[in-house]
Amino acid sequence: AGYTRPLVLTSQDTLVLLDSSWHTNFGRLVSRLKGQGVVIVAVLYDLIPLTHPQYCDRNLCKVFERWFAWVIQASDGFLTISQTARDEIVQAVSDRLGESSAKQRWYNHFYLASELDKKSLHGRVRGKIQRIFSQDSAVYLLVSTLEPRKNHAYALDAFEKLWAQDSKATLFFIGRIGWKCDRLLDRIKNHPALNQKLFFFY
């Protein structure tokens with residue numbers, strides 16, 4: 001077996017807590033590293049479990065609440081995926097810790113990328129997909145996990161009105177099956193337009 005040298009972190013290092021880190025239990029480690037001068041940065045996509053708990057699993061809301069109370073104390077800075085989320089974090093930290101403590105931390109944002117440069121140029125597109133996109137009609141994609149806050153049901157309501165007016169527009173739902181979506185999933189799978197004007201890839 002080879003020898004593995006322990007990683008030594010100093011005040012020149014930064015520990016980045018990526019999104020969904022609330023499911024891990026490394027509070028003591030983070031506290032120790034912070035004591036060594038390591039900069040702690042938390043990445044957050046949003047605060048939906050706090051701001052819109054009706055869209056999330058009840059246990060997730062509890063876990064997220066505990067984690068957020070801890071992470072705003074432990075972090076030196078925050079990165080979000082939008083300016084809106086950044087502003088929400090600033091406000092939430094200020095509300096919980098006070099404006100003075102909130103100003104001791106920094107806040108920034110970045111945008112998620114698609115990494116299209118990693119897509120193979122030699123891949124083949126399925127014939128069925130090619131036919132749909134080669135038609136002389138609009139194609140709409142909703143790419144996300146199937147869950148209430150993404151408004152798939154609202155989109156489907158709107159397209160049903162379009163289809164009732166004889167629109168040839170096509171609607172794609174693309175994403176994994178999430179939570180609190182049993183009724184919607186049943187509606188999609190039994191929809192008369194499924195695989196004609198409505199497509200679901202998961």
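Visitor: What makes helix H4 lie across strands, and which strands are they?

Guide: In this predicted model, H4 lies across strand E2 (39-44), E3 and E4. Contact here means heavy atoms within 4.5 Å. H4 runs at about 160° to E4. Angles run from 0 to 180 degrees between N-to-C directions.

Visitor: How do you know that E3 and E4 pair?

Guide: Two strands pair if at least two bridges are found between them. Strand E3 (residues 77-80) and E4 have four bridges, in the parallel sense. So the pairing holds for E3 and E4. One of the links joins Gly 77 to its bridge partner in E4, Trp 106.

Visitor: What makes E1 and E2 a pair?

Guide: At least two bridges are needed. E1 and E2 have four, again in the parallel sense. Val 16 stands opposite Val 41 in E2.

Visitor: Why is the crossover from E1 to E2 called β-α-β, and which hand does the crossover have?

Guide: The chain leaves strand E1, passes through helix H1 (residues 27-35) and reaches strand E2. The crossover is right-handed. That term applies if the path runs clockwise with the strands pointing away from the viewer.

Visitor: What is the order of the strands in the sheet with E1, and which strands are at the edge?

Guide: Four strands form an open sheet, in the order E1-E2-E3-E4, with parallel pairing. Strand E1 (14-17) and strand E4 (106-109) are the edge strands, as each pairs on one side only. Neighbouring strands of this sheet are turned by 20° against each other on average, direction ignored.

Visitor: Why are E5 and E7 said to stand at the edges of their sheet?

Guide: That open sheet has three strands, in the order E5-E6-E7, and its pairing is parallel. Strand E5 (139-143) and strand E7 (198-201) each have a single partner strand, so one side of each lacks a neighbour in the sheet. Here the average turn between neighbouring strands is 15°, direction ignored.

Visitor: How do you know that E5 and E6 pair?

Guide: Five bridges join E5 and strand E6 (residues 170-174) in the parallel sense. The rule asks for at least two, so E5 and E6 count as a pair. Tyr 140 stands opposite Leu 171 in E6. Helix H7 (residues 152-164) lies across E5, E6 and E7, at about 165° to E6.

Visitor: How much space lies in the largest pocket, and what makes a residue part of the lining?

Guide: About 590 Å³ lies in the largest pocket. A lining residue has an atom within 4 Å of a pocket point. The lining has 25 residues, and the closest to the centre are Asp 19, Tyr 45, Asp 46, Glu 147 and Arg 149. Helix H2 (48-51), helix H3 (58-74) and helix H4 (83-97) each give two or more residues to the lining. The lining divides into 12 nonpolar, six polar and seven charged residues.

Notes: Residues are numbered from 1 along each chain as its sequence is written. This is a predicted model: local features need pLDDT of at least 70, side-chain atom pairs count only at pLDDT 80 or more; totals for chains, interfaces and linings use all residues. Side-chain values use heavy atoms; hydrogens and water are left out. On a 1 Å grid over the protein atoms alone, a cavity is a set of points where a 1.4 Å probe fits but cannot get out, and a pocket is an open set with protein on both sides within 12 Å along at least five of seven lines; lining residues have an atom within 4 Å of a point. Grid points are joined across faces, edges and corners, and a volume is the space filled by probe spheres set on the points. Ala, Val, Leu, Ile, Met, Phe, Trp, Tyr, Cys and Pro count as nonpolar, Asp, Glu, Lys and Arg as charged, and the others, Gly among them, as polar.
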